[in-house]
Amino acid sequence: MATIGVVTLAVVYWARSWWRTRKPFSAALLRSVIALDVGLIIGFFYESAASVLPVPALPQLLIHVTTVAGLYNTQVLCLHLGQSGETVVERTQPRRVAVAVAIAALVVLYMFGPLASGLRAITANDTGAPLVVPYLLVFELYAAWAMLDVIWTLRHAGRMTRRFLRLGLRLVSFGAAAGFLFVAHKAAQMVGKALGAPLPWPEYSNGVGVGTILAMTSALLMMMGITLPTLGSRWERRQADRQLEPLWAAVIGAVPDVLFTPPVGASPDRLLIRVTTIRDAVSGPLRPFLRRDIADRARELGELAGISREDADAAAHAAVIAAALRAYQRNEPPADLTNRVVISADGPDHVLRLAKIADAYTTSPIVSTITKENSFDEHDHAR
């Protein structure tokens, strides 16, 4: 019930997300969680489903078909996460053929086997019935291949620069591994029962069945993994918004004309407003005052302090912007052309990098040191 509750919440969450974006990634994710939710609900309430659908083993067929459809959409989802757009379209085609063949085979084998035999369910206990073994083999082979395909597609997840995406993809891989173990255990149970030597522990049982534990572990890990990147991205945006606020306030205090105003009717995204305002100021009015010597001095201090190159670069950019704001407000002459530096905030992670610069602007001792040095130099020069 807990797993069904989690997956149902994921369905509602991603339905709203898909409705807003209508992107292929969101569509694949939504179809995946819907299929998983339907399969879990039918499986948990199997007795009720069998009474509502009094066709021999029809609820079992629905579980298997929705599971196969969900696995296919999970494969497509992982392609979107790990591949470019053109590659996703190209690699989706053979997987679409495979899932169509698998579902068609399940339906045909069901009609001429379990349905014709009047079986109540299709399990490893019924391997002596007509076409039950081929039916289960189709399901298990497809599920095993899909899980291995997910693991293979996400094999480079550790190289992702976004930490929530990296962690989410790893959770999906672990969930796929648990799913593969579930299928392997299911196959071992089937073979053991067919040979008259079943495995000495329950396959499905409330809380203790090995198959139950593996299936729930796989479902939960994969749901957590595919949801984490989006939730993590929202958390990062909120954190970036807080980090940008002091620098944004300093920029509009010094250069109020660069304050970005969204078009009429557009969503008032506060983070977008702050990022755009800061970037417009740095690439516009403040650009002639961005001094290379200050950046070099900041990196020198960073090296002496033993901080990472990334932190030193953020502190250097923050120090340059702080000095430029001061020079602009005081109507000082621009820096010499040979002493100017360009601060670029472009790229896929530009918001996070700009937030890191803004954080250094308010917290880095390097920025404070350089600000004091410049103030001292000006005072000494005036004397």
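A helix here is a DSSP run of H or I at least four residues in length, numbered from the N terminus. With that in hand, welcome to the tour; the model on your screen is a predicted one.

**Stop 1: Leu-71**

Select Leu-71, which sits in helix H4. Is this residue buried or exposed? Leu-71 counts as buried because its relative accessibility is 12%, and the cut-off for buried is under 20%. Now show what surrounds the side chain. Setting aside neighbours within four places in sequence, Leu-71 is in contact with Tyr-142, Ala-143, Ala-146 and Met-147. Add Ala-144 to your selection as well: Leu-71 and Ala-144 are 73 residues apart in sequence, yet their C-alpha atoms are 9.9 Å apart in space.

**Stop 2: the whole chain**

Zoom out and colour by secondary structure. You will find 14 helices and zero strands in the chain. Reading along the sequence gives α-α-α-α-α-α-α-α-α-α-α-α-α-α.

Next, turn the model around to take in its outline. Along the principal axes, the C-alpha atoms fill a box of roughly 100 × 50 × 35 Å. The radius of gyration of the chain is 29 Å, where a compact globule of 383 residues would have one near 21 Å. Of those 383 residues, 42% count as buried. Among contacts between residues at least 6 apart in sequence, 71% join residues at least 24 apart.

To get a feel for the span, pick Pro-365 and Asp-126. They are 239 residues apart along the chain, and 72 Å separates their C-alpha atoms. Pro-365 lies in helix H14, residues 365–382. This proline counts as exposed because its relative accessible area is 60%, and the cut-off for exposed is over 50%.

**Stop 3: the largest nonpolar core**

Which residues touch the most other members of the largest nonpolar core? Select Val-33, Tyr-135 and Tyr-142, the three that do so among its 52 residues. The elements that each give two or more residues to this core are H1 (2–21), H2 (24–44), H4 (58–82), H5 (85–112), H7 (132–153), H8 (163–194) and H9 (210–254). Colour H7 on its own: this helix gives the most to the core, with 10 residues.

Then centre on Val-33. Not counting residues up to four places away in sequence, Val-33 touches Val-7, Ala-10, Val-11, Met-223 and Ile-226. Apart from the largest core lies another, of 44 residues; select Phe-289, Ile-294, Val-320 and Ile-357, which are among them.

**Stop 4: the second largest pocket**

Now for some open space. The second largest pocket has a volume of about 820 Å³. To find it, select Lys-23, Arg-162, Pro-229, Thr-230 and Ser-233, which lie nearest its centre out of 27 lining residues. Which helix gives the most to the lining of this pocket? It is H9, with eight residues. H1, H2, H4, H8, H9 and H13 (350–363) each supply at least two residues of the lining. If you colour the lining by class, expect 12 nonpolar, eight polar and seven charged residues.

**Stop 5: Gln-189**

Move along to Gln-189, in helix H8. Gln-189 is buried, with a relative accessible area of 2%. Show its partners beyond four places in sequence: Gln-189 is in contact with Ala-124, Pro-198, Leu-199, Trp-201, Pro-202 and Glu-203.

**Stop 6: two loop residues with positive phi**

Most residues other than glycine have a negative phi. The last two selections go against that tendency.

Start with Ala-57, in the loop between H3 (46–52) and H4. Its phi is near 60°, a positive value in a residue other than glycine. Ala-57 is also buried, with a relative accessible area of 1%.

Finish at Leu-131, which you will find in the loop between H6 (114–117) and H7. Leu-131 is not a glycine either, yet it has a positive phi of about 65°. Is Leu-131 buried, exposed or partly exposed? With a relative accessible area of 32%, Leu-131 is partly exposed.

How values were computed
Residues numbered from 1 in each chain as written. Predicted model: local features only at pLDDT ≥ 70, side-chain atom pairs only at ≥ 80, totals over all residues. Heavy atoms only, no water. Core = buried A, V, L, I, M, F, W, Y, C linked by side-chain atoms within 4.5 Å. Buried < 20%, exposed > 50% of the residue type's maximum accessible area, 1.4 Å probe, protein only. Contact = heavy atoms within 4.5 Å. 1 Å grid on protein atoms, 1.4 Å probe; cavity = no way out; pocket = protein on both sides within 12 Å on 5 of 7 lines; lining within 4 Å. Points joined across faces, edges and corners; volume = space filled by probe spheres on them. Nonpolar A, V, L, I, M, F, W, Y, C, P; charged D, E, K, R; others polar. Rg over C-alpha atoms; globule rule 2.2 N^0.38 Å.
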